[in-house]
Amino acid sequence: MNFRIGNGYDVHRLVPGRPLIIGGVRIPWEKGLQGHSDADVLLHALCDALLGAAALGDIGHHFPPSGDTWRGADSRRFLTRTAGLLRNEGWLVQNMDATIVAERPKMAPYISAMRGVISEDLGIDISAVNIKATTTEGLGFCGREEGIAAWVSVLITNLEL
């Protein structure tokens, strides 16, 4: 059995007038994340981790921010397409572990729903999806509430290799 590990990172600026969507879940907040798509930092980092583990490039290659194709897109579309790319190559997602970095809003009330979205979109058991949240205790751009970041690690396996 072939095992591979992937890591992903994403960050987006917080701005007024945009919805805040993280992990495919809309979070009521005074600001949202700025980006070409819905700017879902968690799903973007997850896609990069999966693509990296399978040596299939990165999210910018598959879903370029140029042009109108992906403008305003729901990042769940990115995740389901990424999952399909991995399946086509014979890869199975074994688990993922994520950390969201945000001073506010608190993520704890939404983590269960995020886990459900990711489990559904990847077609894996919810027990294989872990999401944590932390602050930076007021330090850096996340601490100043200028943006939100996410880190994701994944393990994938391929029985064919």
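This passage describes helix packing, salt bridges and one buried leucine in a predicted model.

Two packed helices are described by the angle between their axes and the distance between the axes. Helix 1 spans residues 41-53 and helix 3 spans residues 75-88. Their axes come within 9 Å and cross at roughly 15°. That angle makes helix 1 roughly parallel to helix 3, because angles under 35 degrees count as such. The crossing of helix 1 past helix 3 is left-handed. On the helix 1 side, the contact is made by Leu43, His44, Leu46, Cys47, Leu50 and Leu51. Helix 3 contributes Ser75, Arg76, Phe78, Leu79, Thr82, Leu85 and Leu86. By class, nine residues of this contact are nonpolar, three are polar and one is charged.

Helix 3 also packs on helix 4. The axes of these two helices come within 9 Å and cross at roughly 40°. Helix 3 and helix 4 are therefore oblique to each other. From helix 3, the contact residues are Arg76, Leu79, Thr80, Ala83 and Arg87. They meet Val117, Ile118, Glu120, Asp121 and Leu122 in helix 4. This contact divides into five nonpolar, one polar and four charged residues. Arg76 and Leu79 of helix 3 take part in the contact with helix 1, and both are also listed in the contact with helix 4.

Side chains of opposite charge can pair when their charged atoms come close. Seven salt bridges are found in a search of the whole structure. One of them joins Arg76 to Asp121, with the closest N and O atoms 2.7 Å apart. This pair links distant parts of the chain. Arg76 lies in helix 3 and Asp121 in helix 4 (residues 108-122), 45 residues apart. Arg76 has a relative accessible area of 23% and is partly exposed. Asp121 is buried, at 10%, because the cut-off for burial is under 20%.

A further salt bridge pairs Lys132 with Asp97, the closest N and O atoms being 2.8 Å apart. This pair, too, links distant parts of the chain. Lys132 belongs to strand 6 (residues 129-134) and Asp97 to strand 5 (residues 91-101), with their positions 35 residues apart. Lys132 is partly exposed, with a relative accessible area of 33%. Asp97 is likewise partly exposed, at 29%.

The side chains of Glu146 and Arg144 also meet in a salt bridge, at 2.8 Å from N to O. Glu146 is partly exposed, its relative accessible area being 35%. In addition, a network of salt bridges links Glu30, Arg104 and Glu145.

Leu42 is also part of helix 1. Its relative accessibility is 0%, so Leu42 counts as buried. Not counting residues up to four places away in sequence, Leu42 touches Ile22, Gly23, Ala98, Ile100, Met114, Ile118, Ile131, Ala150 and Val152. Of these contacts, Ile118 also appears in helix 4, where it is part of the contact with helix 3. Leu42 and Ile148 are 106 residues apart along the chain. Their C-alpha atoms are separated by 9.4 Å.

Notes:
Residues are numbered from 1 along each chain as its sequence is written. This is a predicted model: local features need pLDDT of at least 70, side-chain atom pairs count only at pLDDT 80 or more; totals for chains, interfaces and linings use all residues. Side-chain values use heavy atoms; hydrogens and water are left out. Axes are lines fitted to C-alpha atoms, for helices over the stretch in contact, and angles run from 0 to 180 degrees between N-to-C directions. Helices (H or I, at least four residues) and strands (E, at least two) are DSSP runs, numbered from the N terminus. Angles under 35 degrees count as roughly parallel, over 145 as roughly antiparallel, 65 to 115 as roughly perpendicular and the rest as oblique. A crossing is left-handed if the near helix is turned anticlockwise from the far one by less than a right angle, and right-handed if clockwise. Contact means heavy atoms within 4.5 Å. Ala, Val, Leu, Ile, Met, Phe, Trp, Tyr, Cys and Pro count as nonpolar, Asp, Glu, Lys and Arg as charged, and the others, Gly among them, as polar. A salt bridge is a side-chain nitrogen of Lys or Arg within 4 Å of a carboxyl oxygen of Asp or Glu. Buried means under 20% relative accessible area, exposed over 50%, partly exposed in between (1.4 Å probe, protein chains only).
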